[in-house]
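This report considers how aromatic rings, charged side chains and a helix are placed in one protein model. Please look at the sequence and the structure before reading on.

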Amino acid sequence: MHRQSLHEVRPDAFNYVWDNALEPALSIESGEDVLLHVRDASDEQIGPGSGDDAVANLDFAHVNPVSGPVEVRGAKPGDVLAVEILEFAPRDWGWTAIIPGFGLLADEFPEPWLRISAVDPDAGRVRFAEGITLPYEPFPGTIGVALPEPGQHSVVPPSDWGGNMDIKHLRAGTTLYLPVGVEGALFSVGDTHAAMGDAEVCGTAVETAMDITVRLTVRRDLTLDAPQYHVPAGELARTQGSAYHVCTGVAPDLMEASKRAVRAMIDHLGGRHGLGRQEAYALVSVACDLRIHEVVDAPNWVVGAFLPEDIFEGR
């Protein structure tokens, strides 16, 4: 891969909000490459030796830090910022937590829970538990540009400008397109994951700090109202070679259908693979993909939870 001169954002340049009044940590020309040092979603409050108490004691004013912002000179409102995702370098461990009050089934899982996983990028594996190994597929959960509205904005919800979208297909090789809302775009990235299932149902993936390299290019031949992205040919097929067990949820509301599919998968993981409910819920979050099967046959909609069976070894 051709590599241009690489600009680096200093490790201490990060924030806990989107705010277009923040001073850029770095200013670059369109088309240049940038290395950002992303802190984990707990902002170092959880370590490899932590237990459930670390989850219970999280300071939510210091979660989901985003590295940056990076000014792309010449970017103006109405332009599009193309973010080519080039490379990841993670730590050798990550964490997955059930956080009280957070997640799709928050009312059903009120107690804190934590799992530390071993991350081996060279082998392409994440050891989630004895007999359960996930493919290492890194991506940033939070990635975006500054909102045009003044003031501080939470990094937790996504918006038309990107943010905490948790799109697991934003892997190396993918290009994300973001509408630009302010002069210079003010790009930031955070919340890097070593593995995750579509929907991240318990609220966390395999969270880990990473270095991420991106190429930022201003595009004036595009007009967007919300993020779009391009996945290279063969990339989806590469990650979907497993056999799958699928649990469905049927309900007159998509959220309730999603909950039913997840509950059914938790029961399947308990009955078929002997997992406790908390571990099963977390595994659905890091390994299972939720997919909308149909939304047209009123009054009920159908959601499927897809479990890749090749993550299990000897169970």
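Over the face of which residue does R115 lie?

## Charges over rings

R115 lies over the face of F128, at 5.2 Å from the ring centre. A charge sits over a ring if NZ of Lys or CZ of Arg is within 6 Å of the ring centre and within 35 degrees of the ring normal. The ring of F306 has the charged end of R291 over it, 4.4 Å from its centre.

## Basis of the model

The model is predicted: local features need pLDDT of at least 70, side-chain atom pairs count only at pLDDT 80 or more, and totals for chains, interfaces and linings use all residues. Residues are numbered from 1 along each chain as its sequence is written, and side-chain values use heavy atoms, with hydrogens and water left out.

## Aromatic pairs

There are three aromatic pairs in the structure (rings of Phe, Tyr and Trp, the last by its six-membered ring, with centres within 6.5 Å; planes under 30 degrees apart count as stacked, over 60 as edge-to-face and the rest as tilted). One of them, F14 with Y16, is edge-to-face, at 5.8 Å centre to centre and 85 degrees between the planes.

Another of these pairs, F109 with Y281, is stacked, at 4.2 Å centre to centre and 20 degrees between the planes. This pair links distant parts of the chain, 172 residues apart: F109 is in the loop between strand 8 (93-98) and strand 9 (113-120), and Y281 is in helix 4. Helices (H or I, at least four residues) and strands (E, at least two) are DSSP runs, numbered from the N terminus.

## Burial of helix 4

Y281 is buried, at 0% relative accessibility; buried means under 20% relative accessible area, exposed over 50%, and partly exposed in between (1.4 Å probe, protein chains only). Nine of the eleven residues of helix 4 (residues 277-287) are buried, so this helix is largely enclosed by the rest of the structure.
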